[in-house]
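Good morning, colleagues. I should like to take you through one structure, beginning with the ligand and then turning to helix packing. Please have the model open as I speak.

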Amino acid sequence: MHSTTLSLLVGIATIFLFYVLRTPKLRRNGQPLRRPPNTLPLVGNGILFLQDRHKLFSWFVKCEQQFGFETFQISVPSLPPGVVINDPENLEYVFKNEGIFTKGDFFKRRSWDLFGNGIINADGDLWKVQRKAGLNFLSNANLKVLTDVALPEYLDRTIRDLQEKDAGSIVDLEEVLHELTTQIMGQMAYNMNIHNSDPFSKSFDFASGATGKRFQNPLWQITEIFLGREFRESVARVKAFGSMLVANAVEARKVEQNAESKTSFGQVSGSLINSLLDSIDDQEMVADAALNYLSAGRDTTAQALTWTFYLLMRNPAIAEAARKDVSDYVGPLNGSSGSQTRVIFDSAKLHSTALPYIAAIFYEALRLYPPVPFELKQCGKATTLPDGTFLPKDAVLLWCTWAMNRSRLIWGDDADEFKPERWLENGSLVSKTAFEYPVFNGGPRTCLGKKMAESVAIQVIATLVLKFDFEPIDRKERVSKNSLTLPMEGGLPCRVSSHR
Ligand code: HEM
């Protein structure tokens, strides 16, 4: 080829690449936003985002330490411009302006295969109808059945299973806790006996990991053509399971029209799927909604509990203090012997007198290991954040709860330490706003299951610390594996023995 033609082609290609890859500069009060120090020309932060997610978490923590509450810009070629916020005041603005900060195309395109029309993806009327169905399911009356009847029954099974293990044998505690939350959600929400070992659960785990990777890999649509077979098969199995949940509920409703319901926990069993069927005509949408609730309800709670026990094993003095707290609360009649011991507490008193130290342990574990570690929104229209940062329509706004929860500006110099006492003042729990502690999100889309998660977690922690000693098999630091939430890489193998 003639050298002039070649130079011309290279020139055109360079200009083309420049316009495709360049990210527009975002400004605060007229000044361009700062970018993290290792931002590269053209590719921006694209390569950084390809690394393992626990390394990415550490990178966000470093950025938070460097920028403090200052909003900074990140860029990934071919994607809309993005900012990272760490200032609770900015987050408050985001939570209070649901009309501006939407789930957006950026999120939906990546999570569509797995979540479809479910509540996690839905906006507008479809969101409202699913939220309402969830509120019925999570009513105070249903939660009382959960804490006083269902959970103690399933927890007794967990205790028996653990007691039957040979002394010194190794148990994967993550698996045990996952099985517990899967069974509870399966029974309460869908009136079904679901297990963590079911093929559906494994497929969901895989699909969630692959969906998480889509947020890190800007070329996912290309790479999945070659490497996406297992993802596609997993999604198909997940969807088939969703259809089966719905078909099962429809069939049960036909039978129940003629006979009184004979489910294990009265009307509560299956109440979520029934509410969804009552309010949504399209069964495919009901299946999506059901799968979203199952994932939101069981995975987050099981993961939160897994990290809690991991932290307790690494801090035996805190585990011992927890045991003493529970023993004092339940008293001698409810001692730790016998297989049927339950720790009954009044969930309504959770925030004042009942087991505040256990609640503090749970909140502190959620602070260091938030089950939803990243959140992002997309601007449905142009807006200006309280700190003066101008965001054009379609800009992506991200906050890393993992990094905010380690902010020295919010939590003090000991932010990296596991210190449940920080949650207590004169023996009562201190409360934090959702903007400082966004573990359960905030605003109109705040987590619907917060109360359920707290009730389950406090009862599980209290019961298990009273009855068992847990010993880690090594001192290795655990990290999370790829996912949309925070599963532990390799599970949590440990030695469990009855406490004497
Ligand atoms: C420790 C446990 C939990 C944590 C940390 C947690 C955290 C969160 C977070 C951060 C969100 C916002 C997600 C987003 O913006 O897309 C969320 C939403 C949601 N959570 Fe939870 N969650 C937990 C347990 C539960 C439980 C037990 C349920 C009950 C079934 C539940 C149901 C939901 C639902 C339905 C939504 C969507 C709300 C909406 O978009 O209106 N969560 N949760």
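How far is an oxygen atom of the ligand from an N or O atom in the side chain of N441? The distance is 3.4 Å. Please keep in mind, here and throughout, that this is a predicted model.

Two further polar contacts belong beside that one. K103 places a polar side-chain atom 2.5 Å from a ligand oxygen atom. For E375, the corresponding distance from a polar side-chain atom to an oxygen atom of the ligand is 2.9 Å. As for secondary structure, the elements that contribute two or more residues to the shell around the ligand are helix 5, spanning 124-137, and helix 12, spanning 283-314. Of these, helix 12 supplies the largest share of the shell, with six residues.

Let me now describe the shell as a whole. The ligand is surrounded by 23 residues, and the closest are K103, W127, R131, E375 and C447. By class, the shell comprises 14 nonpolar, five polar and four charged residues.

Since helix 12 has already appeared at the ligand, I shall follow it to its packing partners. As a reminder, two packed helices are described by the angle between their axes and the distance between those axes.

The first partner to discuss is helix 13, residues 316-330. Its axis and that of helix 12 are 5 Å apart, and the packing angle is about 110 degrees. Helix 12 is therefore roughly perpendicular to helix 13. On the helix 12 side, the contact involves L312, M313 and R314; on the helix 13 side, it involves P316, I318 and A319. Five of the residues in this contact are nonpolar, none is polar and one is charged.

Next comes helix 14, residues 356-368, which packs against helix 12 at about 105 degrees with the axes 9 Å apart. That angle makes helix 12 roughly perpendicular to helix 14. Here A304, T308, L311 and L312 of helix 12 meet I361, F362, A365 and L366 of helix 14. Seven of these contact residues are nonpolar, one is polar and none is charged. L312 thus takes part in the contact with helix 13 and in the contact with helix 14.

My last pair is helix 6, residues 140-164, with helix 17, residues 450-467. How are these two helices oriented relative to each other? Their axes come within 10 Å and cross at roughly 30 degrees, so the two helices are roughly parallel. The crossing is right-handed. Among the helix 6 residues in the contact are L143, L151, P152 and I159, while helix 17 contributes residues including M452, V456, V460 and L464. Sorted by class, this contact holds eleven nonpolar, six polar and two charged residues.

Thank you for your attention.

Definitions and conventions. Residues are numbered from 1 along each chain as its sequence is written. This is a predicted model: local features need pLDDT of at least 70, side-chain atom pairs count only at pLDDT 80 or more; totals for chains, interfaces and linings use all residues. Side-chain values use heavy atoms; hydrogens and water are left out. A residue is near a molecule or strand if one of its heavy atoms lies within 4 Å of it. A polar contact is a pair of N or O atoms within 3.5 Å; within protein, one must be able to donate a hydrogen and the other to accept it, and residues adjacent in sequence count only if both atoms are side-chain atoms. Helices (H or I, at least four residues) and strands (E, at least two) are DSSP runs, numbered from the N terminus. Ala, Val, Leu, Ile, Met, Phe, Trp, Tyr, Cys and Pro count as nonpolar, Asp, Glu, Lys and Arg as charged, and the others, Gly among them, as polar. Axes are lines fitted to C-alpha atoms, for helices over the stretch in contact, and angles run from 0 to 180 degrees between N-to-C directions. Angles under 35 degrees count as roughly parallel, over 145 as roughly antiparallel, 65 to 115 as roughly perpendicular and the rest as oblique. A crossing is left-handed if the near helix is turned anticlockwise from the far one by less than a right angle, and right-handed if clockwise. Contact means heavy atoms within 4.5 Å.
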